[in-house]
Amino acid sequence: IKGFSWGFSEHYEGASLSGNNQIPINGRAQDYEFDLDPWTRENLITIARVLYDNVGFIHGAINENARHTVGEGIIPISDADDAGIALDHDDYWATWCDIPELTQQWDFRKVLEITSKGVDVDGVVGFLLTETATGYPQIQAIPAHRIKSPPGDESFTDGVKLNAVGRPVAYSIRSVGLEGWTYKIIPASSFVLVADVDRFGGVISPSALTPAIINMRDKKDILTYEKLGVKIGSALGIKLKTAQASQ
């Protein structure tokens with residue numbers, strides 16, 4: 001085949017190693033779903049949550065990002081021509097913001113803050129659009145680890161079903177009950193996925209901590225071992241003896 005080569009082009013130095021001691025990068029260019037497979041995503045979620053809960057500056061940075069991003073929350077203002085109708089719209093939004101989610105534990109500003117943290121740590125947060133028994137609109141938060149494909153259903157990719165052009169048409173939500181895992185299929189029209197995807201072709205995104213996870217784990221390990229060494233040194237008394245006195 002014209003132009004085909006089993007080696008790397010000498011023109012692009014970045015495609016080759018700079019020396020024998022440089023660690024090669026394994027992998028190849030492929031579709032997003034193969035880079036971020038379900039096992040990899042779930043493992044990243046687990047590690048990122050542990051780092052967020054145990055590493056102070058990571059915890060603080062993500063919380064500060066959420067605080068400054070959300071601020072006072074989303075406050076739309078009605079554009080209705082009729083002043084009375086506009087006031088009704090604004091009042092309705094303010095009332096809904098007090099009880100927007102199904103468990104009625106948080107107001108809408110707090111929901112946005114937790115969502116910001118969830119996207120940074122987990123990569124995605126889902127929301128089921130639902131309602132109360134009386135028809136009052138509500139949202140139900142779905143954590144990232146619950147967005148999972150039904151076992152054996154190859155029409156879903158990591159909890160998301162795409163049509164022929166790559167548009168999400170349904171989501172699979174996993175729950176645990178008395179009979180084990182159950183999976184509920186939600187049409188895309190009733191579900192909102194909040195994600196910060198980096199590449200075209202991606203729907204589910206990894207934790208924002210992903211590029212730093214290796215170094216953060218190493219630093220945490222090193223600090224743990226250094227602290228242990230200091231504690232051992234402080235707890236033990238050591239006496240050195242020689243065969244004869246030094247001159």
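Where is the place of Gln104? Gln104 belongs to the loop between H4 and H5, and we will visit that loop in the second legend. The model shown in these close-up views is a predicted one.

**Figure 1. The largest pocket and the elements around it.** Let us start with an open space in the structure: the largest pocket has a volume of about 490 Å³. Its lining is made of 20 residues, and Trp106, Ile114, Val125, Ala141 and Pro143 are the closest to its centre. Helix H2 (38-54), helix H5 (108-122), strand E1 (124-131) and strand E2 (137-142) are the elements that give two or more residues to this lining. H5 supplies the largest share, with seven residues. If you sort the lining residues of the largest pocket by character, you get 11 nonpolar, five polar and four charged.

**Figure 2. The loop between H4 and H5.** Two residues of this loop are worth finding. Leu102 lies between helix H4 (83-98) and H5. Is Leu102 buried, partly exposed or exposed? Leu102 has a relative accessible area of 36%, so it counts as partly exposed. Now look for Ala141: along the sequence Leu102 and Ala141 are 39 residues apart, while in space their C-alpha atoms are 8.2 Å apart. Ala141 may be familiar from the first legend, as one of the residues closest to the centre of the largest pocket. The other residue to find is Gln104, also in the loop between H4 and H5. Gln104 is not a glycine, yet its phi is positive, at about 55°. As a rule, most residues other than glycine have a negative phi.

**Figure 3. Helix H5 and its surroundings.** How many residues does H5 have? H5 has 15 residues, and the distance from its first C-alpha to its last is 20 Å. That reach is close to the 21 Å expected at 1.5 Å a residue. Why is H5 described as largely enclosed by the rest of the structure? The reason is that 12 of its 15 residues are buried, where buried means a relative accessible area under 20%. Among the buried residues of H5 are Phe108, Val111, Leu112 and Val119. Charged residues appear there too, including Glu113, Lys117, Asp120 and Asp122.

**Figure 4. Aromatic rings and a charge over a ring.** Across the whole structure, a search finds five aromatic pairs. Trp93, Trp96 and Phe108 come together as one aromatic cluster. Phe108 also appears in the previous legend, as one of the buried residues of H5. For another kind of arrangement, turn to Arg174 and Trp181. The charged end of Arg174 sits over the ring of Trp181, at 3.9 Å from the centre of that ring.

**Figure 5. Asp158 between two strands.** Asp158 can be found in the loop between strand E3 (156-157) and strand E4 (160-162). Its relative accessible area is 6%, so Asp158 is buried. Asp158 has a positive phi, near 50°, in a residue other than glycine.

**Figure 6. Three exposed residues and their distances to other parts of the chain.** Ala29 lies in the segment before helix H1 (32-35). With a relative accessibility of 81%, Ala29 counts as exposed. Ala29 and Arg174 are 145 residues apart in sequence, and 31 Å separates their C-alpha atoms. Next comes Phe57, in helix H3 (residues 56-70). Phe57 counts as exposed at 56% relative accessibility. Between the C-alpha atoms of Phe57 and Pro206 there are 20 Å, and along the chain these residues are 149 residues apart. Finally, Ser189 sits in the loop between strand E6 (180-187) and strand E7 (191-195). Its relative accessibility of 65% makes Ser189 exposed. From Ser189 to Val121, C-alpha to C-alpha, the distance is 26 Å, with their positions 68 residues apart in sequence.

Note on methods:
Residues are numbered from 1 along each chain as its sequence is written. This is a predicted model: local features need pLDDT of at least 70, side-chain atom pairs count only at pLDDT 80 or more; totals for chains, interfaces and linings use all residues. Side-chain values use heavy atoms; hydrogens and water are left out. On a 1 Å grid over the protein atoms alone, a cavity is a set of points where a 1.4 Å probe fits but cannot get out, and a pocket is an open set with protein on both sides within 12 Å along at least five of seven lines; lining residues have an atom within 4 Å of a point. Grid points are joined across faces, edges and corners, and a volume is the space filled by probe spheres set on the points. Helices (H or I, at least four residues) and strands (E, at least two) are DSSP runs, numbered from the N terminus. Rings of Phe, Tyr and Trp (its six-membered ring) pair if their centres lie within 6.5 Å; planes under 30 degrees apart count as stacked, over 60 as edge-to-face and the rest as tilted. A charge sits over a ring if NZ of Lys or CZ of Arg is within 6 Å of the ring centre and within 35 degrees of the ring normal. The expected span of a helix is 1.5 Å times one less than its number of residues. Buried means under 20% relative accessible area, exposed over 50%, partly exposed in between (1.4 Å probe, protein chains only).
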